[in-house]
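Subject: Handing over a structure, with notes on what was found

Dear colleague,

I am passing a structure on to you, and I would be glad if you kept it open while you read the notes below.

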Amino acid sequence: MPSSSSVILSKGQAGVFSPPLHAFLSESQNKHAKALVLLLHGMGGDHHHFDGLIPHLVDAGFDVLVPDLPFHGQSQVTSSVDDSSPHPSLSFSSMMDDLDRLLRVVRPRFRPRSVELIVGGLSMGGMLSQACAVHKQAVWAQLGYRVTGLIPIACPSIHMIYPRIAWLDMYRDAQNTTDDFTQVRQYIISSAVYPEARHETARTLAIVSDATLAQCLRACANALPSADDDNVNPTPRFVTPPPRLPTLLITGGQDDHTLAVMCAWQKLNEADGLTESRLFIKEGASHMVPLDQPAAVARDIVAFFFYVGEGVKGRMTGC
């Protein structure tokens, strides 16, 4: 692993329910780094889920910033408050505000220039990255960042109503629940293919409470368009326009939940004239793609943004 420096932000305005945010910055030795890549982990994960990508990205000339989102990894409450308590502040909005603070803190690490920023993430993190591209471009521009790319990994589009991951709908607007999340945890662990990847997934889940998982599921469900009950034969479509950014979609060939969704997403991008959009399907991977196939995912990121940067045209999709 390249050497990384840690960044710790103090609690936000939400008091005890807003833990210190821990993040880790790995910088390229190239004085003219191609871009800063901000990668956001999924529900129950932490920044280590991108460990296998970072050396490849740094070697290719990218700086990489990976936070532990609130109540995950090292970003835990430090008071006597029990993490099984409700987290009324845990939402995409609050997490995006935390990312505002993070980007403001790390900004002095870069030369006094506009920093090209590529934002992406896995599962919940991929959905959050899309929300950032919609709601934060203007704010981040004021901080000196220019969003130049998007990397949603194994997740649905927050702009597409069909096809959809139907089971997420049960968590829409759900209040805090005391439901047993044992089955949810087992499903997440089994969504990695290889034993090492499953072990890593189990490790990060072990320190995340059921209350946090419930709030993450609600945040994801609420980020998606509501289902149209009147539509007997739903057809793939966007209900809001996605940002016109170079978009790299990645999913696992064994991910039963996101494979069809992301194939439809790519086809909609093509129909919508978003020429700088590609879908890479990684064989030997399921939902936890960065853990199952880290080097391959990193190569895809490097290759795609090389193609975009060089203006190379051509179809790079697995559908």
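In what sense do strand E2 (residues 21-26) and E4 pair, and over how many bridges? The two strands pair in the antiparallel sense, and five bridges hold the pairing, where pairing requires that DSSP finds at least two bridges between two strands. The names themselves come from DSSP runs, numbered from the N terminus, with helices (H or I) having at least four residues and strands (E) at least two.

Before going further, please keep in mind that this is a predicted model, in which local features need pLDDT of at least 70 and side-chain atom pairs count only at pLDDT 80 or more, while totals for chains, interfaces and linings use all residues. Residues are numbered from 1 along each chain as its sequence is written, and side-chain values use heavy atoms, with hydrogens and water left out.

The strand E4

One bridge between E2 and E4 sets Leu25 opposite its partner Leu65. Strand E3 (residues 36-40) also pairs with E4, but here the strands run parallel and three bridges join them, with Val37 standing opposite Val64. E3, helix H1 (residues 54-59) and E4 together make a right-handed β-α-β unit; right-handed here says that, with the strands pointing away from the viewer, the path from the first strand over the helix to the second runs clockwise.

Strand E4 (residues 63-68) is largely enclosed by the rest of the structure, because six of its six residues are buried, where buried is under 20% relative accessible area, exposed is over 50% and partly exposed lies in between (1.4 Å probe, protein chains only). In a regular strand the side chains alternate between the two faces of the sheet. In E4, Asp63, Leu65 and Pro67 point one way while Val64, Val66 and Asp68 point the other way, and all of them are buried.

The salt bridges

Side chains of opposite charge can pair when their charged atoms come close. A salt bridge is counted when a side-chain nitrogen of Lys or Arg lies within 4 Å of a carboxyl oxygen of Asp or Glu, and the structure holds 11 of them.

In one of these, Lys136 meets Asp100, with the closest N and O atoms 2.6 Å apart. This pair links distant parts of the chain, since Lys136 lies in the loop between helix H3 (124-135) and helix H4 (137-142) and Asp100 in helix H2 (residues 92-106), 36 residues apart. Both Lys136 and Asp100 are buried.

A second salt bridge joins the side chains of Arg244 and Asp272 at 2.9 Å, N to O. Arg244 lies in the loop between strand E8 (237-238) and strand E9 (247-252) and Asp272 in the loop between helix H8 (259-271) and strand E10 (277-282), so this pair ties together parts that are 28 residues apart in sequence. Asp272 counts as partly exposed because its relative accessibility is 37%.

Asp300 and Lys282 also meet in a salt bridge, at 2.9 Å from N to O, and this pair links helix H10 (residues 294-310), which holds Asp300, to strand E10, which holds Lys282, across 18 residues. Asp300 counts as buried at 9% relative accessibility, and Lys282 counts as buried at 13%. Finally, Asp46, Glu200 and Arg203 are linked in a network of salt bridges.

Helix H3 and the empty spaces

Helix H3 has 12 residues and reaches 16 Å from its first C-alpha to its last, close to the expected 16 Å, a span taken as 1.5 Å times one less than the number of residues. H3 is mostly covered, with 10 of its 12 residues buried, among them Met124, Leu128 and Gln130.

Gln130 also appears in the lining of the largest cavity, together with residues including His159, Trp265 and Leu274. On a 1 Å grid over the protein atoms alone, a cavity is a set of points where a 1.4 Å probe fits but cannot get out, a pocket is an open set with protein on both sides within 12 Å along at least five of seven lines, and lining residues have an atom within 4 Å of a point. The largest cavity has a volume of about 50 Å³ and the largest pocket one of about 490 Å³, a volume being the space filled by probe spheres set on the points, which are joined across faces, edges and corners.

The largest pocket is lined by 29 residues, of which Met43, Trp167, Tyr187, Ile188 and Leu217 lie nearest its centre. Helix H5 (182-190) gives the most to this lining, with four residues.

With best wishes
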